[in-house]
Amino acid sequence: MNKQAWLNEKYPQQEERSERFSTISDMEIEPVYTPDDLNGSNLEGVGYPGEYPYTRGVYPSMYRGRYWTMRQFAGFGTPEDTNQRFKLLLSEGQTGLSTAFDMPVLMGYDADHPRSLGEVGREGVSVSTIKDMERLFQDIPLDKVSTSMTVNCTASILLAMYIAVADKQGIPRSQISGTIQNDMLKEYIAQKEWICPPEPAVRIVTDMIEFCAKEVPRWHAVSISGYHIREAGSTAVQELAFTLADGIGYVQAGMERGLDVDEFAPRLSFFFDIHNDFFEEIAKLRAARRMWATIMKERFNAKNPRSMLLRTHCQTAGVSLTAQQPVNNVVRVAIQALAGVLGGTQSLHTNSMDETLALPTEESVTVALRTQQIIAEESGVTNFVDPLGGSWAIEALTDRMEKEAFAYIDRIDELGGIIRAINIGFPQKEIADAAYRYQQQLDAREKVIVGVNSHAVEEERPMEILKIDPEVERSQIAQVTQVKQGRDKATAEEQLGRVHAAARNGQNLMPVLIDAVKAHCTVGEISDVYREVFGVYQDPAWL
Amino acid sequence: MSEEKILRILVAKAGLDGHDRGAKIIARALRDAGFEVIYTGLHQTPEMIAEAAVQEDVDAVGLSILSGAHMTLFPAILGALKERGAEDVAVFGGGIVPEDDMPGLTKVGVKTVFTPGASTQEIVDWIWANVEPRSGL
């Protein structure tokens, strides 16, 4: 019997519970998958783990070699508050640091700026000066940990500060390792924390890629991020497509700078969201690896296999968590984390159950980390490499997502590349449409969120949540004021002048930025130089 | 929706936070429900929002806040509206606001705050029931 005969004769004998079966991204799912569904890609095309096109994983042994890096994102309050949380996480067995900065840092304002009022230390740690950075990493040996920093339009300044702290600790630049998010293209598409327009923003990113390739070889100068695209309401295919399109944009920018593709591409890293739809997410990561390998080899002629590897961090989907019955979020996070692992991630952040309410408490962060440890050490899934490879459903889904995402990339190429596409709002509008469609499906109960539009209850016990003391803002304002008053004014001004000149004349910004932060120039002051030289980007406010 | 009333709503995004999925969904849903909707775009100061409310002659301002800065931004916007003689503009919100902060917001004049999980219909119904066209326009 072939599939069609089975579908016509056997399957309709029983009723279905729904009129339509689709993923959370609204991809329709067939009743059954067979080898006939693997259009172009036969199992030979899927290959082996650690072999081109890396569908089954970037390394041959995957988690049989070592587990993924368990990297919980943390940051709130003063640098001391976050330093303490870092030390707690390291003592609980976490293997890498990940820093969340507050909104003023993310938009390029010091703690004492009027626009920072009410936002200092709220959603991340407050950093205005190199003194803050030193307090943030106090007693943490920068040559022993790898540090991730989630910051974009001011990434160049924060990386300069991190390097300056390492310089001061006497640690060679070749010894520090980590990742800075620094993916400006997705800011215009989704996260929307920016200073200047896309063209100069990409120039700064390229300065950093170039500088790190030469000076800080163990640093990932950009983490090409689908996370925010998805959280902004995209489908899984859009996340895949726009993320890789951004990656193509950075590779093109690096090559136009005159860099050899194999000189910098091995240090490009990625960051994906892991949402609720289990198989869709696994297929997405598998498709992402195969697509990136193909793009690097065929489009950019990379020769070094390491340039073709899509190595990724993943985070469970913040947007999927509910304020209602928040303990249920532990279960969502566990399912998502398992999908990330079965999808072959290199590093993972698991969200805490209370994150729709406030920043997480120590207790809920620990449960989130334990979730990863249970998957790694108890569940047994880590004894297998790509255990779902060869599943007809998974392979068919992988093929389909690859095909649909490449169709988006073709469209972006036709529009003249990702920056042009962003400037006319193409990805932004596609995402807004998808987000609205999903909300309509939720309102119509075509899609379900347990505890919200299904199995809701009236009475709920409030959770204990983390509160940020208003004193944080006052003390951070005092700190930055003190630094501004205590520094050598002439030196600081001279250094800012050099940043200004480099911004204008196209010289690589990183060396002058490192000097500037050492002279106690602040995040806000350097951002003001960017505003002056490059202009300020305004939200087009497309609906 | 029995009334013939026409309502103009400003959907606003205050502060430095760039998370605009909620604000945009609400703006579209309100438009589809028959309101006249103006969306401010991101990174607005309280003064910019109050100014837009006055310029656009709106009957209500719906403010989206997810950054934890609600206790600073809501009072600032209400204050800025008052300075412009527009204290009769209904101000409501949506976002992450802990239960404990609600009485403080009500006290300064915030009509209501929709927290995560609210359906767009709930918000539409609330506006029809609670917002009236401003007199003397």
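In which loop of chain A is Pro53(A) found? Pro53(A) sits in the loop between α2 and α3 (62-65) of chain A. Helices here are DSSP runs of H or I with at least four residues, numbered from the N terminus. A cis peptide bond, with omega about 5°, joins Tyr52(A) to Pro53(A). A second backbone feature concerns Asp386(A), which has a positive phi of about 45° although it is not a glycine. Asp386(A) lies in the loop between α15 (362-377) and α16 of chain A. Most residues other than glycine have a negative phi, and most peptide bonds are trans.

The model is predicted: local features need pLDDT of at least 70, side-chain atom pairs count only at pLDDT 80 or more, and totals for chains, interfaces and linings use all residues. Residues are numbered from 1 along each chain as its sequence is written, chains are lettered from A and ligands numbered from 1 in the order in which they are written, and side-chain values use heavy atoms, with hydrogens and water left out.

Helix α16 (residues 392-415) of chain A packs against helix α11 (residues 236-256) of chain A. The angle is about 50°, and the axes are 8 Å apart. Axes are lines fitted to C-alpha atoms, for helices over the stretch in contact, and angles run from 0 to 180 degrees between N-to-C directions. α11(A) and α16(A) are therefore oblique to each other. Angles under 35 degrees count as roughly parallel, over 145 as roughly antiparallel, 65 to 115 as roughly perpendicular, and the rest as oblique. The crossing of α11(A) and α16(A) is right-handed; that is, the near helix is turned clockwise from the far one by less than a right angle, whereas an anticlockwise turn is left-handed. Among the contact residues (heavy atoms within 4.5 Å) are Leu240(A), Leu244(A) and Ile248(A) of α11(A), and Tyr408(A) and Ile412(A) of α16(A). By class, the contact has 13 nonpolar, one polar and one charged residues. Ala, Val, Leu, Ile, Met, Phe, Trp, Tyr, Cys and Pro count as nonpolar, Asp, Glu, Lys and Arg as charged, and the others, Gly among them, as polar.

Helix α13 (residues 278-299) of chain A also meets α16(A). Their axes come within 8 Å and cross at roughly 50°. α13(A) and α16(A) are therefore oblique. Their crossing is right-handed. The contact includes Arg286(A), Arg290(A) and Arg299(A) of α13(A), and Glu395(A), Asp399(A) and Glu402(A) of α16(A). Twelve nonpolar, one polar and nine charged residues make up this contact.

A third pair comprises helix α20 (residues 489-505) and helix α21 (residues 509-518) of chain A. Their axes come within 9 Å and cross at roughly 165°. α20(A) and α21(A) are therefore roughly antiparallel. α20(A) passes α21(A) in a left-handed crossing. Val499(A) and Ala502(A) of α20(A) take part, as do Val512(A) and Leu513(A) of α21(A), among others. Seven nonpolar, one polar and two charged residues form the contact.

Chains A and B each give 37 residues to their contact. The buried area between them is about 3000 Å², of which carbon and sulfur atoms give 55%. Buried area is the accessible area (1.4 Å probe) that two parts lose on being put together, summed over both. In chain B, Leu16(B), Arg21(B) and Arg28(B) lose the most area to chain A, together 26% of what that side buries. Four salt bridges (a side-chain nitrogen of Lys or Arg within 4 Å of a carboxyl oxygen of Asp or Glu) are found across the interface. Asp20(B) forms a salt bridge with Lys192(A), the closest N and O atoms being 2.9 Å apart.

Over all chains, the search finds 48 salt bridges. Within chain A, Asp26(A) pairs with Lys447(A) at 3.6 Å, N to O. This pair links distant parts of the chain, 421 residues apart. Asp26(A) is in the loop between α1 (3-10) and α2 (43-46). Lys447(A) is in the loop between α18 (426-443) and α19 (471-486).

Conventions:
Helix = DSSP H or I, 4+ residues; strand = E, 2+ residues; numbered from the N terminus.
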